[in-house]
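Subject: The two-chain model, and some notes on it

Hi,

Here is the structure I promised to send over. Please open it alongside this email, and then read on for my notes.

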Amino acid sequence: MLHKIVQKLDQHAHFESVDAHCDIPCGIYDPHHALIGALTVIRMVDLINALVKEHGQGSTAEFINGMARYIAVKEEHAELTKHEIRIIWGDFIKAQHVETYPQLNGLVHKIMQLGSKARQTVDRETALALLEAVNEFAEIFWQIKGIETKRVPAPFPVSEEMVLPVL
Amino acid sequence: MLRLLKVRGASLWPDYREGDYVLAAGMPFPARKIRAGDVIVFRQPGYGTLIKRVRRVLANGQAYDVRGTQIASSDSRNFGPVAQDQVTGKVIASIRAKQTSQNSQGH
């Protein structure tokens, strides 16, 4: 109540602000790279399975080359997803955000675990679970920033849902 | 002299949050010395007007070692002790914002 009155007064009087600063002025953070990483992991799982289906267990140079490339990209993008989430969690997320979203730390840990499992396996369910966990993280991230989100089918060969900010 | 000031940033969270107002008593404080634990308002070159908690009183009250509550807080770990002549006030009361403003990022 008192705060509201002072806030009203502030609109006219413009009280001086005192800064309770942290190290760097507002950084630029976005979970988009993490989502692209997770979608790429799904795509690589699909391509790996399609290649096996096409070539059987064959060990032609073409098969080995294609498989090696798909695996390399899957490894890289699962790691990219983990990296991007770690940065946002470590640099952007503050104690008060965890207080408001108590599931946040558990969700980040889940993404780390799923990211590793996505590297170890060629399991589409794991890749989908990774994407869903990153989507949940993205929703919380944008909520913290006071920006609405929507879920849309990804406009890629993998058309699973991804969370986008409504800007 | 009393001044009403608005808190910006999360460096003193949860004691002071973004959007809180504080009432600061201006210098000098003949009856009210600054002690460890007090929250002071001071001018810091390159940073502007800051609000931090005094961790230690140095040089017989001529300077203060100040801290925020966050690892990333900008405080005496970055800019050294705050000299007494930089201090413009001591917080004597606060008016808390409702705890809904969660949209402050790495200030």
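Below is what I found, going from the nonpolar cores to the contacts between chains, the salt bridges and a few local details.

One caution to begin with: this is a predicted model, and the values I quote are computed from it.

**The cores**

Let me start inside. The largest nonpolar core has 37 residues, and those touching the most other members are A:Ile85, A:Phe92, A:Ile111, A:Leu130, A:Val134 and A:Phe137. In chain A, the elements giving two or more residues to this core are H2, helix H3 (61–92), helix H5 (104–120), helix H6 (124–144) and strand E3 (161–165). H6(A) supplies the largest share, with 11 residues.

If you want one residue to click on, try A:Leu130. Not counting neighbours within four places in sequence, A:Leu130 contacts A:Ala38, A:Thr81, A:Ile111, A:Leu114, A:Gly115 and A:Ala118. There is also a second, separate core of 12 residues; A:Val18, B:Leu5, B:Ala24 and B:Val41 are among them. As general background, nonpolar side chains tend to be buried together in soluble globular proteins.

**Where the chains meet**

Next, have a look at A:Ala20, in the loop that runs between strand E1 (17–19) and H2 of chain A. Is A:Ala20 buried or exposed? A:Ala20 counts as buried because its relative accessibility is 0%, and the cut-off for buried is under 20%. Leaving aside neighbours within four places in sequence, A:Ala20 is in contact with B:Val7, B:Arg8, B:Gly9, B:Ala10, B:Ser11, B:Leu12, B:Ile51 and B:Lys52.

A salt bridge also crosses between the chains. A:Glu16 pairs with B:Arg3, and their closest N and O atoms are 3.0 Å apart. A:Glu16 sits in the loop between H1 and E1 of chain A, while B:Arg3 belongs to strand E1 of chain B. The two partners fall into separate classes of accessibility: A:Glu16 is partly exposed at 30%, whereas B:Arg3 is buried at 17%.

**Other salt bridges**

Over all chains, the count of salt bridges comes to 18. One of them joins the side chains of A:Arg124 and A:Asp46, at 2.7 Å from N to O. A:Arg124 is in helix H6 and A:Asp46 in helix H2 of chain A, so this pair ties together parts that lie 78 residues apart in sequence. Both ends are partly exposed, with a relative accessibility of 29% for A:Arg124 and 24% for A:Asp46.

Salt bridges that share partners also link A:Glu75, A:Glu79, A:Arg86 and A:Arg119 into one network. In chain B, the side chains of B:Arg67 and B:Asp65 meet in a salt bridge at 3.1 Å, N to O. B:Asp65 is buried there, with a relative accessible area of 8%.

**Helices and surface of chain A**

Helix H2 (residues 32–55) of chain A has 24 residues. From first C-alpha to last, H2(A) reaches 34 Å, close to the 34 Å expected at 1.5 Å a residue. Just after H2(A) comes A:Gly56, with a positive phi near 65 degrees.

On the surface, A:Met1, A:Leu2, A:Ile5 and A:Leu9 make a nonpolar patch of about 450 Å². Of these, A:Ile5 is found in helix H1 (residues 2–13) of chain A and is partly exposed, at 43% relative accessibility.

**Chain B in outline**

Chain B has 1 helix and 7 strands, in the order β-β-β-β-β-α-β-β from the N terminus on. Of its 107 residues, 53% count as buried. Among contacts in chain B with a separation of 6 or more, 50% are between residues 24 or more positions apart. Chain B exposes about 5,200 Å², and carbon and sulfur atoms supply 51% of that area.

One last spot is B:Glu18, in the loop between strand E1 (2–8) and strand E2 (21–26) of chain B. B:Glu18 is partly exposed, with a relative accessible area of 24%. Its C-alpha atom is separated by 4.8 Å from that of B:Arg8, 10 residues away along the chain.

Happy browsing, and do write back with any questions.

Best wishes

Notes. Residues are numbered from 1 along each chain as its sequence is written. Chains are lettered from A and ligands numbered from 1 in the order in which they are written. This is a predicted model: local features need pLDDT of at least 70, side-chain atom pairs count only at pLDDT 80 or more; totals for chains, interfaces and linings use all residues. Side-chain values use heavy atoms; hydrogens and water are left out. Patches are made of residues with over 30% relative accessible area and no salt bridge: like charges are joined within 9 Å, nonpolar side chains (Val, Leu, Ile, Met, Phe, Trp, Tyr) within 5 Å. Accessible areas come from the Shrake-Rupley method with a 1.4 Å probe; for residues, only the protein chains shown count as cover. A salt bridge is a side-chain nitrogen of Lys or Arg within 4 Å of a carboxyl oxygen of Asp or Glu. Helices (H or I, at least four residues) and strands (E, at least two) are DSSP runs, numbered from the N terminus. Buried means under 20% relative accessible area, exposed over 50%, partly exposed in between (1.4 Å probe, protein chains only). The expected span of a helix is 1.5 Å times one less than its number of residues. Contact means heavy atoms within 4.5 Å. A nonpolar core is a set of buried Ala, Val, Leu, Ile, Met, Phe, Trp, Tyr and Cys residues joined through side-chain atoms within 4.5 Å.
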